Amino acid sequence: MSTSHMQTNRQLLQLVKLRNGFIALQLMVVLLAEFWFEYSLPYTSLKLIIAAELVINLGLFYYYRGNRNAQSIEFLLQVSLDILTLTLLLYFANGATNPFVSLLLLPVAIAAVTLPKPWLLFVTFMALAAYSTLLFTLDHHQMHVVDMQQHFIGMWLTFVLSALVVVLIVASLAQAMRQQERLVSQLREEQLRQEQLVALGTTAAQFAHQMATPLATANLLTEELELEYKGTYLTQLQEQLGLCNKRLQDFRVMSEELKQNSKRQIPLNQLFSQIQQEIQLNFADVQVGYHLDASEQLAVYSDTTLFPALLNLVQNAVQASKQNNSQKIEVSSQIEKQQLTLTIRDFGSGLSEQTLLDLGSTVVKSEQGFGMGVLLSHATLERLGAQFRLYNHSEVGAVVEVIMKLVKLT
């Protein structure tokens with residue numbers, strides 16, 4: 001069933017409340033016809049129909065008091081109920097000769113706004129069938145009194161044309177409005193996500209700027225210590241500080257390239273080699289299965305933000321595997337039709353359905369973190385024109401696919 005026609009329960013409750021008013025009007029018209037105009041009608045049958053309609057509507061009111069999503073079929077049943085009860089009332093009130101027969105258009109109009117096209121056509125057919133039944137079940141004498149046959153058939157044709165207008169125009173307008181609402185909602189979500197990313201980027205830049213001075217001081221202190229002490233731990237400390245300085249310098253270079261919107265060709269061999277080096281440097285205890293299909297003639301056209309985005313995905317895969325007491329990940333690639341599919345698989349416990357929907361589009365709280373790395377990677381890849389897919393593996397773990405266009409290396 002199309003989720004584009006998923007409605008809230010409150011809309012159905014509003015429809016039920018409106019029907020209460022309509023039932024009151026029906027009863028008033030019947031009472032006026034009985035006691036004021038003194039028409040000869042089967043009033044007992046009419047009152048029983050109205051009473052049954054009221055009982056059903058009260059039951060629907062109590063059923064829909066909660067707040068939940070409502071399926072389109074529930075709207076279909078509501079509209080069908082209106083057509084049925086109105087047809088029964090008209091049948092016992094002179095059928096197609098009753099001036100209120102045009103009210104059968106109301107359910108069609110409601111269906112045009114609330115239901116998808118196939119069910120709208122079904123409701124329209126129901127209304128036309130109801131009107132036709134009322135017309136052709138008229139007493140033979142009524143059809144030929146003062147040659148009223150042409151008049152009744154003309155009324156029927158008018159109803160058919162009116163129903164077609166509702167189906168073609170009102171339904172089209174309602175669909176256009178729904179599409180516009182979805183577009184506005186998507187734009188609003190995208191704007192919120194971009195604002196969130198800008199805030200994260202600003203915070204990262206501030207921290208990087210603030211870290212420069214402490215790192216410089218730490219480098220000076222380790223140089224002083226090296227003059228007095230020699231040891232493995234001091235050497236390792238210098239290596240880690242050097243790595244921090246390198247990351248900070250890379251961040252500055254990346255920021256400068258982003259300002260200039262500078263892109264270049266990155267050969268696949270170079271990209272894969274850099275990925276392997278960084279994994280070996282940062283995750284030496286992890287067993288990585290590589291299945292990389294490199295080509296010396298192809299490259300990706302990107303900027304320096306591509307590699308950190310891919311490294312974030314690798315880091316998340318490593319964390320997911322370790323959470324499941326595993327030290328394995330797999331990194332593979334496939335080239336097909338000038339398109340690279342880079343796959344990163346972890347051996348973790350997998351992701352829930354809701355997390356799969358949210359991860360990458362918003363900050364998600366999880367056992368491994370808050371999904372910030374995936375969010376940043378997704379935004380970066382999207383900006384670079386790459387596609388991002390996330391799903392659970394059929395056996396164990398989750399899989400991330402990054403699909404990028406390839407260019408011939410020049």
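Trainee: Happy to be looking at this predicted model with you! Which residues in α5 do Ser 72, Ile 73, Leu 76, Val 79, Ser 80, Ile 83, Thr 87, Leu 90 and Tyr 91 in α3 meet?

Mentor: Good place to begin. Helix α3 covers residues 72-91 and helix α5 covers residues 117-136, and the two pack together. On the α5 side, the residues met by that α3 set are Trp 119, Phe 122, Val 123, Met 126, Ala 127, Ala 130 and Leu 134.

Trainee: By class, how many nonpolar, polar and charged residues does the contact of α3 with α5 have?

Mentor: Ser and Thr count as polar, whereas Leu, Ile, Val and Tyr count as nonpolar. In the contact of α3 with α5, that sorting gives 13 nonpolar, three polar and no charged residues.

Trainee: Are α3 and α5 roughly parallel or roughly antiparallel?

Mentor: Their axes lie 10 Å apart and make an angle of about 5°. Angles under 35 degrees count as roughly parallel, which makes α3 and α5 roughly parallel.

Trainee: Let's turn to the sheet. Which strands stand at the edges, and why is one side of each left without a neighbour?

Mentor: The sheet is open, with five strands in the order β4-β6-β7-β9-β8 and mixed pairing. From one strand to the next, the twist averages 15°. Each edge strand has a single partner strand, so one side of it has no neighbour in the sheet; these strands are β4 (287-291) and β8 (387-392).

Trainee: How many bridges join β7 to β9?

Mentor: β7 spans residues 339-346, β9 spans residues 398-405, and the two run antiparallel. Among the paired positions, Gln 339 stands opposite Lys 405, and Leu 340 has Met 404 as its bridge partner. The number of bridges joining β7 to β9 is seven.

Trainee: And which residue takes a positive phi in the hairpin of β8 and β9?

Mentor: β8 and β9 run antiparallel and are joined by six bridges, with Gln 387 partnered by Ile 403 in β9. The hairpin has five residues between the strands. The residue with a positive phi, near 85°, is Gly 397.

Trainee: Is β9 largely enclosed, and how many of its residues are buried?

Mentor: Helix α10 (residues 306-323) packs on the sheet and touches β6, β7, β8 and β9. β9 is largely enclosed by the rest of the structure, because its buried residues number seven of eight.

Trainee: Which strands does helix α9 lie across?

Mentor: Helix α9 covers residues 268-282 and runs at about 15° to β7. The strands that α9 lies across are β4, β6 (328-335) and β7.

Trainee: Now a loop residue: is Asp 293 buried, partly exposed or exposed?

Mentor: Asp 293 sits in the loop between β4 and β5 (298-302). Leaving aside residues up to four places away in sequence, Asp 293 touches Phe 272, Ser 333 and Ile 335. Its relative accessibility is 39%, so Asp 293 counts as partly exposed.

Trainee: Finally, are Tyr 63 and Tyr 64 stacked or edge-to-face?

Mentor: The structure holds four aromatic pairs. One of them is Phe 37 with Tyr 39, whose ring centres are 5.6 Å apart and whose planes are at 10°, so that pair is stacked. Tyr 63 is exposed at 54% relative accessible area, whereas Tyr 64 is buried at 4%. With 4.9 Å centre to centre and 75° between the planes, the pair of Tyr 63 and Tyr 64 is edge-to-face.

Conventions:
Residues numbered from 1 in each chain as written. Predicted model: local features only at pLDDT ≥ 70, side-chain atom pairs only at ≥ 80, totals over all residues. Heavy atoms only, no water. Pairing = 2+ DSSP bridges. Helix = DSSP H or I, 4+ residues; strand = E, 2+ residues; numbered from the N terminus. Axes fitted to C-alpha atoms, helices over the stretch in contact; angles between N-to-C directions. Contact = heavy atoms within 4.5 Å. Parallel < 35°, antiparallel > 145°, perpendicular 65-115°, else oblique. Phe/Tyr/Trp six-rings, centres within 6.5 Å; stacked < 30°, edge-to-face > 60°. Buried < 20%, exposed > 50% of the residue type's maximum accessible area, 1.4 Å probe, protein only.
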